[in-house]
Amino acid sequence: MTENREGARMTENHEGARMTGNHEGARVSENRRPGARVSESADAVRRTSTVPARAAWSAVVRTGETLTVTDLHGNQAVDFLVYDAHDTAVRYSAPDTIHAQGNLFLTTGSVLMSNEHTPLMTVVEDEVGRHDTVGGACSKESNTLRYGHHTWSQHACVDNFLAEGARYGLGKRDLVSNINWYMNVPVEKDGTLGIVDGISAPGLRLTLRAERDVLVLVSNCPQINNPCNGFEPTAVEMTISEAGA
């Protein structure tokens, strides 16, 4: 895997979004992973993919387009990272996002801010009402620390992010604190927090609008040691719709 320090530059053709780069950037192409269902079921829908349990997914979402994440079976955590598609050094920042809205949780109206304090995406619809910004992504290391050495071989979100990010020239240095859609992480007044039973249900969805061309990385969380996925990871659906749809 290579690490991208200068960012990626994007060009597009009629066949879809394609990121190109040289030694200063990363080559990025809209990814359609084997096993994912891709359809063009309506004029307004550019791409619909069913992401299997434990799998990764990625796409370029162009300015004004929307990305809808549907929790098909209920209480499935969806780990999420977003980057400026033209310069991946500009990426989602949890501190900037939390500071800008004065709230730890994301819902309708929340703006995902970059490390340059500029908007990347906006939540325009949310049928759940609260999503996590502080729980982070599971990893082999954190699983071992929290749940025991017998979990070391279990697949984790960091593995998904690294594998999917590598397609765009991204490496470990490019992973930042992520969003966890549908994950329930209440925070007490004394700062205590924990991952508890989810508040989502089958078919509930949220929709984000791209405020610029963005690269989205998703890990459909494989965690089985806490209730973030109801101890049984399931599939989710990702739908990209054209601007103004």
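**Strand 8 and its surroundings**

Seven bridges join strand 8 to strand 13 (residues 214–220), and the two strands run antiparallel. Within this pairing, Leu81 has Leu217 of strand 13 as its bridge partner. The structure described here is a predicted model, and strand 8 is a good place to begin a walk through it.

Strand 8 spans residues 78–84, and seven of its seven residues are buried. Val78, Phe80, Val82 and Asp84 point one way from the strand, while Asp79, Leu81 and Tyr83 point the other way. Both sets are buried, the two aspartates included. Besides strand 13, strand 8 also pairs with strand 11 (residues 179–181), in the antiparallel sense and over three bridges. Here Asp79 stands opposite Asn180 of strand 11.

These pairings belong to an open sheet of four strands, in which the order is 6-13-8-11 and the pairing antiparallel. Strand 6 and strand 11 each have a single partner strand and stand at the edges, so one side of each is left without a neighbour in the sheet. From one strand to the next, the twist averages 25°. As a reminder of what holds such an arrangement together, strands of a sheet pair through backbone hydrogen bonds, either parallel or antiparallel. Strand 6 meets strand 13 over six bridges, in the antiparallel sense, and Ala59 stands opposite Val216 in strand 13. Helix 3 (residues 157–166) lies across strand 6, strand 8 and strand 13, and it runs at about 145° to strand 13.

Val218 gives a residue-level view of strand 13, where it has its place. With a relative accessible area of 0%, Val218 is buried. Leaving aside neighbours within four places in sequence, Val218 is in contact with Ala55, Ala56 and Trp57, with Val78, Asp79 and Phe80, and with Phe161 and Met238. The C-alpha atoms of Val218 and Asp79 are separated by 5.6 Å, although the two residues are 139 residues apart along the chain.

The packing of nonpolar side chains comes next. In soluble globular proteins, nonpolar side chains tend to be buried together. In this model, the largest nonpolar core has 30 residues, and those with the most contacts inside it are Leu67, Phe80, Leu112, Met121, Trp181 and Val216. At least two residues of this core come from each of strand 6 (56–61), strand 7 (66–71), strand 8, strand 10 (119–126), strand 11, strand 12 (204–210), strand 13 and strand 14 (236–241). A second, separate core of nine residues includes Leu81, Ala85, Phe161 and Leu215. Strand 8 thus has Phe80 named in the largest core and Leu81 in the second one, and these two residues point opposite ways from the strand.

Leu67 illustrates the packing around one residue of the largest core. Not counting residues up to four places away in sequence, Leu67 touches Trp57, Val61, Phe80, Met121, Leu206, Thr207, Leu208, Val216, Met238, Thr239 and Ile240.

A search of the whole structure finds one aromatic pair. Its members are Phe80 and Trp181, set edge-to-face at 5.5 Å centre to centre, with 75° between the planes. The pair links distant parts of the chain, since Phe80 in strand 8 and Trp181 in strand 11 are 101 residues apart. Phe80 counts as buried because its relative accessibility is 0%, and Trp181 counts as buried because its relative accessibility is also 0%.

Helix 1 (residues 94–101) has Ala94, Asp96 and Thr97 as its buried residues. These cover an arc of only 165° around the axis, which puts them on the same side of helix 1. Strand 9 (111–113) is part of what covers them. Pro95 and His99, on the other side of helix 1, are exposed. After helix 1 comes Gly102, whose phi is positive, near 65°.

Finally, some values for the chain overall put these details in context. The protein chain has three helices and 14 strands, and 51% of its 245 residues count as buried. Among contacts between residues at least 6 apart in sequence, 70% join residues at least 24 apart. The pairing of strand 8 with strand 13 and the aromatic pair of Phe80 and Trp181 are worth viewing alongside these values.

Note on methods:
Residues numbered from 1 in each chain as written. Predicted model: local features only at pLDDT ≥ 70, side-chain atom pairs only at ≥ 80, totals over all residues. Heavy atoms only, no water. Buried < 20%, exposed > 50% of the residue type's maximum accessible area, 1.4 Å probe, protein only. Pairing = 2+ DSSP bridges. Core = buried A, V, L, I, M, F, W, Y, C linked by side-chain atoms within 4.5 Å. Contact = heavy atoms within 4.5 Å. Axes fitted to C-alpha atoms, helices over the stretch in contact; angles between N-to-C directions. Arc of directions from axis to C-beta. Phe/Tyr/Trp six-rings, centres within 6.5 Å; stacked < 30°, edge-to-face > 60°.
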